[in-house]
Amino acid sequence: MYWYRSPEPQFWLPHLEGLLRQNNQPEFGDYEALLLEALAQSYSQEEISSQFKRQKISPSSLSNIEKRLHQLREDFKTNNVTDLVSIA
């Protein structure tokens with residue numbers, strides 16, 4: 001498994017940029033896109049953490065991944081990761 005990382009932070013889905021900026025939410029960048037893409041492909045958080053470490057994507061610890069997903073669920077007002085992936 002390999003994920004592309006662009007050199008500059010970008011919004012994954014353009015329609016989310018306006019939504020996030022409108023609500024003064026944190027930026028939705030490449031890291032979040034990689035994270036949600038991996039979840040959409042049914043990788044576990046542990047597998048994502050391992051892959052991020054191998055590819056030197058930071059932050060890569062399981063704890064950081066869990067915290068970021070929790071924050072994204074709050075930002076998008078979803079109850080679980082499945083709903084989050086379907087929205088994004």
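Which helices do the buried residues of helix 4 pack against? In this predicted model, where residues are numbered from 1 along each chain as its sequence is written, local features need pLDDT of at least 70, side-chain atom pairs count only at pLDDT 80 or more, and totals for chains, interfaces and linings use all residues. Side-chain values use heavy atoms, with hydrogens and water left out. The partners are helix 2, helix 3 (45-54) and helix 5, where contact means heavy atoms within 4.5 Å. Helices here are DSSP runs (H or I, at least four residues), numbered from the N terminus.

Helix 4 itself is a good place to start. Its 14 residues reach 20 Å from the first C-alpha to the last, close to the 20 Å expected at 1.5 Å a residue; the expected span is 1.5 Å times one less than the number of residues. Its buried residues (buried meaning under 20% relative accessible area, with a 1.4 Å probe and protein chains only) are Ile-65, Arg-68, Leu-69, Leu-72, Arg-73 and Asp-75. These residues cover an arc of only 160 degrees around the axis, which puts them on the same side of helix 4; the arc is that of the directions from the helix axis to the C-beta atoms.

Helix 2 (residues 30-40) packs with helix 4 at an angle of about 95 degrees, their axes lying 11 Å apart. Helix 2 is therefore roughly perpendicular to helix 4, a term for angles of 65 to 115 degrees. Axes are lines fitted to C-alpha atoms over the stretch in contact, and angles run from 0 to 180 degrees between N-to-C directions. From helix 2, Tyr-31, Glu-32, Leu-35, Leu-36 and Leu-39 meet Ile-65, Arg-68, Leu-69 and Leu-72 of helix 4.

Helix 3 also has a buried face. Gln-45, Ile-48, Ser-49, Gln-51 and Phe-52 are its buried residues, and they fall within an arc of 170 degrees seen down the axis, so they line one face of helix 3. They pack against helix 2, helix 4 and helix 5. Lys-53 and Arg-54, on the other side of helix 3, are exposed, that is, over 50% relative accessible area.

What follows helix 4? Just after this helix, Lys-77 takes a positive phi of about 55 degrees. Phe-76 lies in the loop between helix 4 and helix 5 and is buried, at 12% relative accessible area. Thr-78 is found in the loop between helix 4 (62-75) and helix 5 (81-87), and counts as buried at 11% relative accessibility.

Note on methods
Helix = DSSP H or I, 4+ residues; strand = E, 2+ residues; numbered from the N terminus. Parallel < 35°, antiparallel > 145°, perpendicular 65-115°, else oblique.
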